[in-house]
Amino acid sequence: MDRLSWQFGVLFLVSAGNAGDAFTVRAFASSMEFEGADGTARARGVLSALNEKIAERRLISPAEALNGLTVGAANVDAVPTHERRTVGINVEPYPEHRMSNPSSRVGPGFARSIKPDFLMPDRVSICEFGQVAGICPLPRQALRERSD
């Protein structure tokens, strides 16, 4: 793809891809503890858990291309605040932060370049929990479409 981009002067947009497997957040013993934590503690716990699985969540070809733009999924919650209490098992992993979706693959790209190049809103980035050792968020699709 890099050669084709250079040869024909074409810019390719490539998805970063998704890593939909569950990951264990060891910082919290239960989903109740996770839900009750403030946004910063919740974000630290999720990011630490994702970091433990980073080798399995890296970009795959052709997302690491040098001459293409890689698009990742942004952490955008589609559940309105007034409906948040009725969603029960779905929890926003980073309620106070704008960053990539837990299911979005991340870099580095070729020659340790930062990838994805930019993030676009996904449908949602809430998690459903399963009980194993600690809590295991399962990245999932939106229950509702964004209306804005």
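**Exercise 1. Contacts and overall fold**

Task: For this predicted model, state what share of the contacts between residues at least 6 apart in sequence join residues at least 24 apart, and set that share beside the order of helices and strands along the protein chain.

Solution: Begin with the contacts: among those in the protein chain that join residues at least 6 apart in sequence, 75% link residues at least 24 apart. Next, list the elements, which are three helices and six strands, and read them along the sequence to obtain the pattern α-β-α-α-β-β-β-β-β. Finally, turn to the surface: 39% of the 148 residues of the protein chain count as buried, while the accessible surface of about 8500 Å² belongs to carbon and sulfur atoms for 55% of its extent.

**Exercise 2. Where to read the model with caution**

Task: Find which strand has the lowest confidence and which has the highest, and identify the residues over which pLDDT stays under 50.

Solution: Start from the average, which is a pLDDT of 77 for the protein chain, with 72% of the residues scoring at least 70. Then compare the elements: strand β1 (residues 12–15) has the highest confidence, at 92, whereas strand β5 (residues 127–132) has the lowest, at a mean of 52. Last, note residues 141–146, over which pLDDT stays under 50, and for which the model has 17 contacts beyond four places in sequence.

**Exercise 3. The nonpolar core and helix α3**

Task: Name the residues of the largest nonpolar core, say which element gives the largest share of them, and decide whether Arg42 is buried or exposed.

Solution: The largest nonpolar core holds 10 residues, namely Phe23, Val25, Phe28, Phe34, Ala37, Ala43, Val46, Ala49, Leu50 and Tyr94. Helix α3 provides the largest share of this core, four residues. As general background, nonpolar side chains tend to be buried together in soluble globular proteins. Arg42 also lies in helix α3, which spans residues 39–52; because its relative accessible area is 9%, Arg42 is buried. The side chain of Arg42 reaches the backbone oxygen of Ala37 at 3.3 Å, and Ala37 is one of the core residues.

One further distance concerns Leu50, another core member: its C-alpha atom is separated by 9.9 Å from that of Ala22, although the two residues are 28 apart along the chain. Ala22 sits in the loop between β1 and α2 (31–36), and its relative accessible area of 33% makes it partly exposed.

**Exercise 4. Salt bridges**

Task: Work out how many salt bridges the model contains, and for the pair Arg26 and Glu52 state where each residue lies.

Solution: With a cut-off of 4 Å between a side-chain nitrogen of Lys or Arg and a carboxyl oxygen of Asp or Glu, the count comes to three salt bridges. In one of them the side chains of Arg26 and Glu52 meet at 3.4 Å, N to O. This pair links distant parts of the chain, with Arg26 in the loop between β1 and α2 and Glu52 in helix α3, 26 residues apart. Arg26 counts as exposed because its relative accessibility is 59%.

A second salt bridge joins the side chains of Lys53 and Glu56 at 3.0 Å, N to O. Both residues are partly exposed, since Lys53 has a relative accessible area of 26% and Glu56 has a relative accessibility of 47%.

In the remaining pair, the closest N and O atoms of Asp117 and Lys115 are 2.9 Å apart. Asp117 is partly exposed, with a relative accessible area of 34%, whereas Lys115 is buried, at 8%.

**Exercise 5. Backbone geometry between β3 and β4**

Task: Which residues do the cis peptide bonds join, and what are the phi values of Ala111 and Arg112?

Solution: Take the peptide bonds to begin with. One cis bond joins Gly107 and Pro108, with omega about 15 degrees, and another joins Lys115 and Pro116, with omega about 0 degrees. Pro108 is found in the loop between β3 (90–91) and β4 (118–121), and Pro116 lies in the loop between β3 and β4 as well.

Now take phi. Most residues other than glycine have a negative phi, and most peptide bonds are trans. Ala111, however, has a positive phi near 55 degrees, and Arg112 has a positive phi near 60 degrees. Ala111 is placed in the loop between β3 and β4, as is Arg112. Both count as exposed, because the relative accessibility is 64% for Ala111 and 75% for Arg112.

How values were computed. Residues are numbered from 1 along each chain as its sequence is written. This is a predicted model: local features need pLDDT of at least 70, side-chain atom pairs count only at pLDDT 80 or more; totals for chains, interfaces and linings use all residues. Side-chain values use heavy atoms; hydrogens and water are left out. Helices (H or I, at least four residues) and strands (E, at least two) are DSSP runs, numbered from the N terminus. Buried means under 20% relative accessible area, exposed over 50%, partly exposed in between (1.4 Å probe, protein chains only). A polar contact is a pair of N or O atoms within 3.5 Å; within protein, one must be able to donate a hydrogen and the other to accept it, and residues adjacent in sequence count only if both atoms are side-chain atoms. pLDDT is the predictor's confidence in each residue, from 0 to 100. Contact means heavy atoms within 4.5 Å. A nonpolar core is a set of buried Ala, Val, Leu, Ile, Met, Phe, Trp, Tyr and Cys residues joined through side-chain atoms within 4.5 Å. Accessible areas come from the Shrake-Rupley method with a 1.4 Å probe; for residues, only the protein chains shown count as cover.
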